[in-house]
Amino acid sequence: MTEPRVLLDTTARTTEEMGALGARLAAVLRAGDLVVLTGPLGAGKTTMTRGLGAALGARGQVSSPTFVLARTHPTTAGPDLVHVDAYRLSDPVELDDLDLDWDFSIVVVEWGRGFVDGVSDSILDVEIVRATGAGEAPGPDDLDPDDVPDEPRRVVVTATGPRWDGVAL
């Protein structure tokens, strides 16, 4: 297995920039790719996924799947986008029970660290760091946990596995 490699370390200053980063990721994704989004509530995980979905031509509104756990969005650009929220899961087995199409879809898992180990030997890990004290993040039961005021967020994209050898963002 290849060593993890940072593909991108940047700052998104607005929700529009976060969405644009999602679109930038979409440009390199293909069926079978797994993206793990990590960050606190209100970091911009769903906002990034919206931008990714828009770039892929995803049908339907890309919104936080907190209560349904997973949503599949057919796309106009190829493989389906499967958007998963592992926030309410307590065990990786529960993720397996969702019977996701890992091989033929682009799968984005919010809160996925520790839940997707062993699913793929190639993962894009996206860490979003939201400044503390810059505003109140909504609670886990709010309708859209990424609907917070614009503020800078550091975004670090780390690639692990052979799929990402030679890929640049």
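Begin with the sheet of this predicted model: select its 7 strands, which form an open sheet of mixed pairing in the order 1-7-6-2-5-4-3. At the edges lie strand 1 (5-12) and strand 3, each of which pairs on one side only. From one strand to the next, the twist averages 15°.

Next, select residues 70-73 and 80-85. These are strand 3 and strand 4, paired in the antiparallel sense over 4 bridges. The two strands form a hairpin with 6 residues between them, and in the turn G78 has a positive phi of about 135°. Within the pair, display R71, which stands opposite H83 in strand 4.

Keep H83 selected and add residues 105-110, which make up strand 5. Strand 4 and strand 5 run parallel and are joined by 6 bridges. Here H83 stands opposite V108 in strand 5.

Now turn to helix 1, which packs on the sheet and touches strand 1, strand 6 (123-130) and strand 7 (153-160). The direction of helix 1 makes about 155° with that of strand 1.

Finally, select helix 1 (residues 15-26) together with helix 2 (residues 45-56), whose axes come within 6 Å and cross at roughly 50°. Helix 1 is therefore oblique to helix 2. The crossing is right-handed. To view the contact, display T15, M18, G19, L21, G22, A23, L25 and A26 of helix 1 with T47, M48, G51, L52, A55 and L56 of helix 2. What is the character of the residues in this contact of helix 1 with helix 2? They divide into 9 nonpolar and 5 polar, with no charged residues.

Terms used: Residues are numbered from 1 along each chain as its sequence is written. This is a predicted model: local features need pLDDT of at least 70, side-chain atom pairs count only at pLDDT 80 or more; totals for chains, interfaces and linings use all residues. Side-chain values use heavy atoms; hydrogens and water are left out. Two strands pair if DSSP finds at least two bridges between them. Axes are lines fitted to C-alpha atoms, for helices over the stretch in contact, and angles run from 0 to 180 degrees between N-to-C directions. Angles under 35 degrees count as roughly parallel, over 145 as roughly antiparallel, 65 to 115 as roughly perpendicular and the rest as oblique. A crossing is left-handed if the near helix is turned anticlockwise from the far one by less than a right angle, and right-handed if clockwise. Contact means heavy atoms within 4.5 Å. Ala, Val, Leu, Ile, Met, Phe, Trp, Tyr, Cys and Pro count as nonpolar, Asp, Glu, Lys and Arg as charged, and the others, Gly among them, as polar.
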